[in-house]
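Subject: Structure for you to look at

Hi,

Here is the structure I promised to pass on. Please open it and keep it beside this message as you read.

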Amino acid sequence: MHPTKALSTRTMLKNITRYSAYAMALSVCIGISASTASPNTVSRDGEASPWQQIEAQGANQDVYFYAWGGDPQINAYLQWAAKQVDKKYNINLVHVKLSDTSEAVSRVLAEKSANNDDKGSVDLIWINGANFATMSENDLLLKQWSNKIPNFALTDPDNNPAVNFDFGVPVNGMEAPWGQASLTFYYDSMSTKKPPTTLNELTTWTAQNPGRFSYPKPPDFLGMSFLKYALVMLHEQHDADTGEDTKSLLNMPATEENKAIVLDPLWAFLDDLHPTLWRKGEQFVQTGAQMRRLVDDTELSLAFTFSAPEVPAAVQRYDLPQSIRSYAMSDGSLSNTHFMAIPYNASHPQAAQLVANFLMSPEAQAKKQTASVWGDKTVLIQSTLSPEQQALFKTDKAHPSALPFDSIKRTVSEPHPSWVEAIMQGWQTRYGVSP
């Protein structure tokens, strides 16, 4: 059930970062620029435009934003965004911290099963990939809203497929793009002078440096990202060697007929890799944070993240040594766009749209892209912005440990979301071990 949302409780609600139900532990700056494309015009008959109506209906509301809460930088950014939407719309934005987005998906599924079709506890979700596919397939999302909010035009959707597809699944107005991220590796330059820059080099490096690398065990998002990167690279190499086209299967749903063809190369790769990993692959860390601590403790010399600014932030917090350096794999960086979605039964859908539109504003996107704040790459296309808006994205000199500008030379797309479950099940069957 929802906590009481009377306006008299606003002060209390602003301090809430998580709450639980159904026995679950559930773990967006200054307003939209006046020059931003916006259909806030009054019609000829004097009636308010659709967006003006949403602004009127969404103001003075609470918005419960279910989003991953495992990064202090991201959490601090959301606290800043909450202050901005409070000033602009008197919206009380509550960050409900998740350890895994599937927790929010399960909540909405449970509410639908209980016929709660208009008083849902989730107003906005940070989501993409398999979780989006699940919610879309089960009609759990509000439809045809994200393509109508004013700032969506700044993503140049007619020429930018990244904002119209999520892991190959059409968005169809059910998600608003929020940022872009890529798999980023980092290493301790005191112990490693030449880190591996391709999957093949990684295999050689781990054999020469046993115990100095690992990855989080599935179903951890970061661990799954490493496995998907390896899977894509393995099929690219196979197809280049044989002239076949097995990589295309990654864009199709996983089936009993194609699982072996797609996944057997991954299992063979891991069979060779695991004995060279930390603790000989007999144990795995649970999260990226644990992997980072092992680098700080000098147990590992090489690690990776899907949030590149996490690295310089950790160095500046003294959670990583000053000798850390970041880089991108030259054979390809697994990349994706992450989104915001509104459940079909959200209690405050209009207010959620106001928050999502604000988070896509040039001001909010520029602040989010700042390395010291978050470093998450903007989804806005520079050619759609005014010179004043473009100036917001200019940055100072990056920290030595930060990912160098334009270091990602090639990106590779995520496989179809159904492969997440297939990889996870196969991994658990073959390598499932205690943490």
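Below is what was found, starting with how far to trust the model.

**Confidence**

This is a predicted model. The mean pLDDT of the protein chain is 88. Of its residues, 89% reach 70 or more. The start of the chain is another matter: over residues 1-39, pLDDT stays under 50. For that stretch the model has 113 contacts beyond four places in sequence. Keep the low pLDDT of residues 1-39 in mind when you look at those contacts.

**An enclosed helix**

Go to helix H11, residues 349-359. Is H11 largely enclosed or not, and why? Of its 11 residues, 10 are buried, so the rest of the structure largely encloses H11. The buried set begins with Pro349. Then come Ala351, Ala352, Gln353, Leu354, Val355 and Ala356. Asn357, Phe358 and Leu359 complete the list.

**Two crossing helices**

Next, find helix H8 (residues 259-273) and helix H14 (residues 418-431). How do they meet? Their axes come within 11 Å and cross at roughly 45°. That angle is between 35 and 65 degrees, and H8 and H14 are therefore oblique to each other. Their crossing is right-handed.

Which residues make the contact? From H8 they are Lys259, Val262, Leu263, Leu266, Trp267, Leu270 and Asp271. From H14 they are Trp419, Ala422, Ile423, Gln425, Gly426, Trp427, Arg430 and Tyr431. Sorted by class, the contact of H8 with H14 has 10 nonpolar residues, two polar ones and three charged ones.

**Backbone points in the loops**

Some background first. Most peptide bonds are trans, and most residues other than glycine have a negative phi. Here are three places to check against that.

- Pro218 to Pro219: this peptide bond is cis, with omega near 15°. Pro219 lies in the loop between helix H6 (199-208) and helix H7 (221-242).
- Lys280: phi is near 55°, a positive value in a residue other than glycine. Look for Lys280 in the loop between H8 and helix H9 (288-296). Is Lys280 buried or exposed? Its relative accessibility is 60%, so Lys280 counts as exposed; the cut-off is over 50%.
- Thr298: phi is near 65°, again positive in a residue other than glycine. Thr298 sits in the loop between H9 and strand E8 (302-305).

Over to you.

Best wishes

Technical notes:
Residues are numbered from 1 along each chain as its sequence is written. This is a predicted model: local features need pLDDT of at least 70, side-chain atom pairs count only at pLDDT 80 or more; totals for chains, interfaces and linings use all residues. Side-chain values use heavy atoms; hydrogens and water are left out. Buried means under 20% relative accessible area, exposed over 50%, partly exposed in between (1.4 Å probe, protein chains only). Helices (H or I, at least four residues) and strands (E, at least two) are DSSP runs, numbered from the N terminus. Axes are lines fitted to C-alpha atoms, for helices over the stretch in contact, and angles run from 0 to 180 degrees between N-to-C directions. Angles under 35 degrees count as roughly parallel, over 145 as roughly antiparallel, 65 to 115 as roughly perpendicular and the rest as oblique. A crossing is left-handed if the near helix is turned anticlockwise from the far one by less than a right angle, and right-handed if clockwise. Contact means heavy atoms within 4.5 Å. Ala, Val, Leu, Ile, Met, Phe, Trp, Tyr, Cys and Pro count as nonpolar, Asp, Glu, Lys and Arg as charged, and the others, Gly among them, as polar. pLDDT is the predictor's confidence in each residue, from 0 to 100.
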